[in-house]
Amino acid sequence: MPLSEQEQRLLDEMERNLYRNDADFVAAVSGRGRPNYRSIVLGVLLALAGIGGLIAGVALQLLVVGIIGFAVMFAGVLLAITPSKRGAGAPPAGHAPRPAPTGRSNAGFMDRLNERWDRRQDGER
């Protein structure tokens, strides 16, 4: 069922506000460029080898072989789905680099979130 014209305008406005007010969130959820195909292929191969080890462990009734096969399969899947950290140093295109935080390096995660919330409520960026 398509959206009505009013709903589409409201959705577009919400998206513009999100891009304008929360660039950090947009940068976090947007694509980080090219995926690392090498780790995906290696992860899939490890997962297939792990499945083979799991099946062999069940067929031979060797618990240790089955557990090792499962661990290898799990590690392969994690390797395949984990995003690459290679391009993490460069900011996404179109975003200005964020200034380094001053004087609050020991502030906790929730404290930083509360500070950001207070600044937004006060109309600051």
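In this predicted model, the count of aromatic pairs comes to one. The pair is formed by Phe 70 and Phe 74, whose ring centres are 6.4 Å apart and whose planes meet at 15°, so the two rings are classed as stacked. The reasoning rests on two cut-offs: ring centres must lie within 6.5 Å to pair, and planes under 30 degrees apart count as stacked.

Both residues of the pair belong to helix α4, where four residues, or about one turn of the helix, separate Phe 70 from Phe 74. A general property of helices is relevant here. An α-helix has 3.6 residues a turn, so residues three or four places apart point the same way. Neither ring belongs to a residue classed as buried: Phe 70 is partly exposed at 45% relative accessibility, and Phe 74 is likewise partly exposed, at 49%. These labels apply because partly exposed covers the range between 20% and 50% relative accessible area.

Helix α4 also contains Leu 79, a residue that leads the reader towards helix α3. Leu 79 counts as partly exposed, since its relative accessibility is 30%. Setting aside residues up to four places away in sequence, Leu 79 touches Ser 39, Leu 42, Gly 43 and Leu 46. One of these, Leu 42, stands 37 residues from Leu 79 in sequence, yet the two C-alpha atoms are 7.6 Å apart in space.

Helix α3 runs over residues 37-60. With its 24 residues, α3 spans 34 Å from first C-alpha to last, close to the 34 Å expected at 1.5 Å a residue. Just after α3, Gln 61 adopts a positive phi of about 60°.

Which residues of α3 are buried? They are Ser 39, Gly 43, Ala 47, Gly 50, Gly 53 and Gly 57. The cover over these buried residues includes α4, which comprises residues 63-81. Two of the residues that Leu 79 touches, Ser 39 and Gly 43, are among the buried residues of α3.

The surface provides a further view of the structure. Tyr 37, Ile 40, Val 41, Val 44, Leu 45, Leu 48, Ile 51 and Ile 55 together make a nonpolar surface patch of about 730 Å². Leu 45, a member of this patch, is found in helix α3. Is Leu 45 buried or exposed? Leu 45 counts as exposed, because its relative accessibility is 52% and the cut-off for exposed is over 50%.

Definitions and conventions:
Residues are numbered from 1 along each chain as its sequence is written. This is a predicted model: local features need pLDDT of at least 70, side-chain atom pairs count only at pLDDT 80 or more; totals for chains, interfaces and linings use all residues. Side-chain values use heavy atoms; hydrogens and water are left out. Patches are made of residues with over 30% relative accessible area and no salt bridge: like charges are joined within 9 Å, nonpolar side chains (Val, Leu, Ile, Met, Phe, Trp, Tyr) within 5 Å. Accessible areas come from the Shrake-Rupley method with a 1.4 Å probe; for residues, only the protein chains shown count as cover. A salt bridge is a side-chain nitrogen of Lys or Arg within 4 Å of a carboxyl oxygen of Asp or Glu. Helices (H or I, at least four residues) and strands (E, at least two) are DSSP runs, numbered from the N terminus. Buried means under 20% relative accessible area, exposed over 50%, partly exposed in between (1.4 Å probe, protein chains only). The expected span of a helix is 1.5 Å times one less than its number of residues. Contact means heavy atoms within 4.5 Å. Rings of Phe, Tyr and Trp (its six-membered ring) pair if their centres lie within 6.5 Å; planes under 30 degrees apart count as stacked, over 60 as edge-to-face and the rest as tilted.
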